[in-house]
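Visitor: Could you walk me through this one and justify the labels as you go?
Guide: Sure, have a look first.

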Amino acid sequence: MSSGCSIRAIWILNNLDAVVFSRRFPVVEKRWRSSCNSNNHTTDHLFSSLPTDSDLADAFLHRRLREGSARGFGIRKSNSTLGSDSWVDDPITRHIIGLYINKERDDDKNLLWPLILHIKGPYSVLVLPLVEPRHVKAYEKLCKTPDCGSSLGLDDSLSSLLLDLPAITGAFMVAHAIGDIITGDTVEPEVIITAAPSVGGLFDSLTGSIGISSRAKPASPQVASSSPSGTAGPGSVTADAPKMGSRLLDKDALRTFISSSMPFGTPLDLNYSNIFTIKANGFSASDLPPTDQKQPAWKPYLYKGKQRMLFTTHEIVHAALYDRDEIPDIISVSGQINCRADLEGLPDVSFPLKGLNIANLEVSSYHPCAQVSDQGPDKQGVVFSPPSGNFVLMRYQATCTLGPPVKGFYQLSMVSEDKGAFLFKLRLMEGYKAPLTMEFCTVIMPFPRRRIVSLDGTPSIGTVSTSEHSVEWKIVPSGRGLSGKSIEVTFPGTVKFAPWKNQTVSSSRSLFGTIVDEDSDNEAENSSNMINEEHLMEKMNKDLPPVDLEEPFCWQAYNYAKVSFKIVGASVSGISIDPKSLSIYPAVKAPVEFSTQ
């Protein structure tokens, strides 16, 4: 079989486990059956044909009931059954699953694997890539091994098996593209124009007359047409994709995307904007491809107009800060470099990516238009032929070299069943120097299972607001940035809740009637307070539902506070592009702008 990616079938199920859309690719399925016939002695236990929509929905529901959720456990538990995904004891089985078709009628010849599971909104997208029968047999064997856990490096581990299947990566890309389309989430990656003096209209007239320049604006690609001309001015926004945020695509639009992006089951270009533009505008006599160069699929139209390049590094800091000696804090950075290249013709762009040593780059991936060469321990050469419009040039995971931008602790103690005392003590931007600027910082205390009646407390800085199930503290409001200095903030207070509904006392003692040794008044009082609080938490948490793996921090009534922020000016990982080393071939005069958030 080819080492590329081919798709046998696609299914979309709603939250009632009913198939609402399906697509099969007979050309790919013919290759699968041919492979099964040539390896007949190894395919005795495989489901050799594609199931009907109803059979697949039944199998998906059966797995969900068996595994506890649509994704499943991901690890072997006491109630895991032999042959199930959780029996493999690998978290990746929450995303790459197997289904047993018609299991109640036939205990063999019914495993359908590998199915890529992507959950987006109310829909579950299942994509079945083409693999060899021996790979399915290998997974079936893993589902029945008595050993617990998947050891890296072993020939019979799930990791080793997946490394031999590049079609898995392609199927994930297909699933994510379809998920974005059916939920209307086809927004172009954001690219910021840093030197945008104009936003147009009356606002320009007012701000210009008093000497205020407008803020940086996101740039959206132009509408590609059969005869594109002109260019978007600084700060302007033009559309390149259908505006579908409020409604879902219909099935005809989804069929059009699948037919255009993966003809005969082979994914070619999964960029919805390109496919939409080609469908809407077509090609004219002026859109002749260049005779001396091959025009790539990711650039269906050649750009004409004012030339420029924009780069935006967008990083997200993920951190869990416990403020406990026995539990280390967890901090990581996931980032991407977004690009927009308004360049005529089919030029090549090259630059060295710097700061790899500082960032301790763990994982990286590039757009198909890019080629990467190793130049040294701290540099990586990147050469790419840019596509049309905004695109993600690179994605990566790295470490946060500066540490978290917010440090400190949060304490909550229940002084009674319906009243809690809390304390925040935080330090912002410690070790962060200019040009790094914190544009906003907000702390939210969620109480998903209690209704807030009142809040008493005043922070040292910022404003506080409450909703029915959360408290929001705006430390640095939007429009009032924090740059070049570190500040310490505190917020003590008490929060009162509506009466607890599930009031069950498991022992005969009263809420505060705890028996303690009376060696001293102080010791008795301290011990009583400690037992009281433990009893309160035990009492309130007793009737809570079991933890959902999708909400790891909500397993008790009160467990965490969430900090959201935005910092601009430089990357927190240390990854950067040297503007002086960027080159375009053939050479053209095109300004290059960089921004980071």
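**Helices, strands and salt bridges**

Guide: This is a predicted model. Let's start with helix 7 and helix 8: their axes come within 10 Å and cross at roughly 100 degrees.

Visitor: Why are helix 7 and helix 8 called roughly perpendicular?
Guide: The label covers angles of 65 to 115 degrees. The axes of helix 7 and helix 8 cross at roughly 100 degrees, so the two helices count as roughly perpendicular to each other.

Visitor: Which residues make the contact between helix 7 and helix 8?
Guide: Thr 256, Phe 257, Ser 260 and Ser 261 come from helix 7, and helix 8 brings Tyr 272, Ile 275 and Lys 279. Sorted by class, that contact has 3 nonpolar, 3 polar and 1 charged residues.

Visitor: What do the buried residues of helix 8 pack against?
Guide: Helix 5 (167-182) and helix 7 (251-261). The buried residues of helix 8, which spans residues 272-281, are Tyr 272, Ser 273, Asn 274, Ile 275 and Thr 277. Right after helix 8 comes Gly 282, with a positive phi near 65 degrees.

Visitor: On to charges. What makes Asp 85 and Arg 63 a salt bridge?
Guide: The cut-off is 4 Å between a side-chain nitrogen of Lys or Arg and a carboxyl oxygen of Asp or Glu. Asp 85 and Arg 63 meet at 2.7 Å, N to O, so the pair qualifies under that 4 Å limit. Asp 85 sits in the loop between helix 2 (53-67) and strand 3 (96-100), while Arg 63 belongs to helix 2, so the bridge ties together parts 22 residues apart in sequence.

Visitor: How do you know whether Asp 85 is buried or exposed?
Guide: Buried means under 20% relative accessible area. Asp 85 has 2%, so it counts as buried. Arg 63, at 1%, is buried as well.

Visitor: Where are the partners of the Glu 29 and Arg 8 bridge?
Guide: The closest N and O atoms of Glu 29 and Arg 8 are 2.9 Å apart. Glu 29 is in helix 1 (residues 26-38) and Arg 8 in strand 1 (residues 7-13), so far as the chain goes they are distant parts, 21 residues apart. Both Glu 29 and Arg 8 are buried.

Visitor: And why is Lys 137 called partly exposed?
Guide: Partly exposed lies between the 20% and 50% cut-offs. Lys 137 has a relative accessible area of 25%, so it gets that label. Its salt-bridge partner is Glu 140, at 3.4 Å, N to O. Glu 140 has 9% relative accessibility and therefore counts as buried. The two are 3 residues apart in helix 3 (residues 133-142), about one helical turn.

Visitor: How many salt bridges does the structure hold?
Guide: It holds 17. Glu 132, Arg 134 and Asp 164 are linked in a network of them.

Visitor: Last stop, strand 5. What makes you say that both faces are covered?
Guide: Tyr 123, Val 125, Val 127 and Pro 129 are buried on one side, and Ser 124, Leu 126 and Leu 128 are buried on the other. That fits the tally for strand 5, residues 123-129: 7 of its 7 residues are buried.

Visitor: Which strands pair with strand 5?
Guide: Strand 1 pairs with strand 5 in the antiparallel sense over 6 bridges, with Pro 129 as the bridge partner of Ile 7. Strand 4 (residues 111-120) also runs antiparallel to strand 5, joined by 5 bridges. There, Ile 116 stands opposite Val 127. The hairpin of strand 4 and strand 5 has 2 residues between the strands, and Gly 121 takes a positive phi near 60 degrees.

Note on methods. Residues numbered from 1 in each chain as written. Predicted model: local features only at pLDDT ≥ 70, side-chain atom pairs only at ≥ 80, totals over all residues. Heavy atoms only, no water. Helix = DSSP H or I, 4+ residues; strand = E, 2+ residues; numbered from the N terminus. Buried < 20%, exposed > 50% of the residue type's maximum accessible area, 1.4 Å probe, protein only. Contact = heavy atoms within 4.5 Å. Axes fitted to C-alpha atoms, helices over the stretch in contact; angles between N-to-C directions. Parallel < 35°, antiparallel > 145°, perpendicular 65-115°, else oblique. Nonpolar A, V, L, I, M, F, W, Y, C, P; charged D, E, K, R; others polar. Pairing = 2+ DSSP bridges.
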